[in-house]
Amino acid sequence: MTAPFVSSSSANTRDSLPAGLERGERAPDFVLPGPTSRHVRFYGIAGGRPMALVLGRNGDPLDEVVHLAEGLGESPDGPPPVVAVFPHIPGAMPPDAPFPVLVDTEGEVRKSYRVPPDEET
């Protein structure tokens, strides 16, 4: 199985963290639980195809991610190429989300992708 790669670089404003992953850099794999506590492996979902990895923050509405997934549409290989990771299960979690919604309470995925941690509001 081929690992997904980053297709565009991201930046952040934190001096203590490098600016996200670089273009062409191998996307780190991770295993996280979903809302039903079933653990899911990112590389298992991606299967080597490009994915939109959404690293949500506390309070981010899930419907924005649903809108993104709808805009991307179905891939030739199945459901929209989207994986959402939130610090906690979003409050309005639809039971039939068209993509995996995973929970990372420790912020390990944000760290591995060199994205600033979620700030509690």
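**Salt bridges, sheet and cores in a predicted model**

The structure, a predicted model, holds three salt bridges.

Reader: Which residue does Glu-25 meet in a salt bridge?
Author: Glu-25 sits in the segment before strand E1 (31–33). Its partner sits in the segment after helix H3 (108–112), 89 residues apart, so the pair links distant parts of the chain. The N to O distance is 2.9 Å. The partner is Arg-114.

Reader: Are Glu-25 and Arg-114 buried, partly exposed or exposed?
Author: Buried means under 20% relative accessible area, and exposed means over 50%. Glu-25 has 25%. Arg-114 has 23%. Both values fall in between, so Glu-25 and Arg-114 count as partly exposed.

Reader: Which residue forms a salt bridge with Arg-41?
Author: The closest N and O atoms of this pair are 2.5 Å apart. Arg-41 belongs to strand E2 (residues 39–41), and the partner to the segment before E1, 12 residues apart. Arg-41 is partly exposed at 41% relative accessibility, and the partner is partly exposed at 27%. That partner is Asp-29.

Reader: In which element do Lys-111 and Glu-108 both lie?
Author: Lys-111 and Glu-108 form a salt bridge, with the closest N and O atoms 3.1 Å apart. The two residues are three apart, about one turn of the helix. Both lie in helix H3.

Reader: Does Lys-111 count as buried or exposed?
Author: The cut-off for exposed is over 50% relative accessible area. Glu-108, at 44%, is partly exposed. Lys-111 has 54%, so it counts as exposed.

Reader: In what order do the elements of the protein run from the N terminus on?
Author: The protein has three helices and five strands. Helix H1 covers 42–46, and helix H2 covers residues 62–72. From the N terminus on, the order is β-β-α-β-α-β-β-α.

Reader: Which strands are the edge strands of the open sheet?
Author: Three strands form this sheet in the order E3-E4-E5, with parallel pairing. An edge strand pairs on one side only. The edge strands are E3 (52–55) and E5 (101–103).

Reader: By what angle are neighbouring strands of this sheet turned against each other on average?
Author: The sheet has the order E3-E4-E5. E3 and E4 pair over four bridges in the parallel sense. With direction ignored, the average turn between neighbouring strands is 20°.

Reader: What angle does the direction of helix H2 make with that of E4?
Author: H2 packs on the sheet. This helix touches E3, E4 and E5. The angle between its direction and that of E4 is about 170°.

Reader: Which residue in E4 is the bridge partner of Leu-55?
Author: E4 spans residues 82–86. The partner is in contact with Leu-55, and also with Phe-30, Leu-32 and Val-109, among others. It is buried, with a relative accessible area of 3%. The bridge partner is Val-85.

Reader: How far apart in space are Val-85 and Val-54, C-alpha to C-alpha?
Author: Val-54 is among the contacts of Val-85. The two residues are 31 apart in sequence. In space their C-alpha distance is 6.1 Å.

Reader: Which element gives the largest share of the largest nonpolar core?
Author: This core has 16 residues; Phe-30, Phe-42, Val-83, Val-85, Leu-102, Val-109 and Tyr-113 touch the most other members. Two elements give two or more residues, helix H1 and E4. The largest share is four residues, and it comes from H1.

Reader: How many residues are in the second, separate core?
Author: Val-83, one of the residues of the largest core, is in contact with Phe-42, Ile-45, Met-51 and Pro-100, among others. The second core includes Val-65, Val-66, Phe-86 and Phe-99. Its residues number 10.

Reader: Is Arg-110 buried or exposed?
Author: Arg-110 lies in helix H3. Its contacts include Leu-55, Asp-104, Pro-116 and Asp-118. Its relative accessible area is 7%, under the 20% cut-off, so Arg-110 is buried.

Reader: What share of the residues of the protein count as buried?
Author: The protein exposes about 7200 Å², and carbon and sulfur atoms supply 53% of that area. The protein has 121 residues. The buried share is 37%.

Technical notes:
Residues are numbered from 1 along each chain as its sequence is written. This is a predicted model: local features need pLDDT of at least 70, side-chain atom pairs count only at pLDDT 80 or more; totals for chains, interfaces and linings use all residues. Side-chain values use heavy atoms; hydrogens and water are left out. A salt bridge is a side-chain nitrogen of Lys or Arg within 4 Å of a carboxyl oxygen of Asp or Glu. Buried means under 20% relative accessible area, exposed over 50%, partly exposed in between (1.4 Å probe, protein chains only). Contact means heavy atoms within 4.5 Å. Accessible areas come from the Shrake-Rupley method with a 1.4 Å probe; for residues, only the protein chains shown count as cover. A nonpolar core is a set of buried Ala, Val, Leu, Ile, Met, Phe, Trp, Tyr and Cys residues joined through side-chain atoms within 4.5 Å. Two strands pair if DSSP finds at least two bridges between them. Axes are lines fitted to C-alpha atoms, for helices over the stretch in contact, and angles run from 0 to 180 degrees between N-to-C directions. Lists of a residue's contacts leave out its neighbours within four places in sequence.
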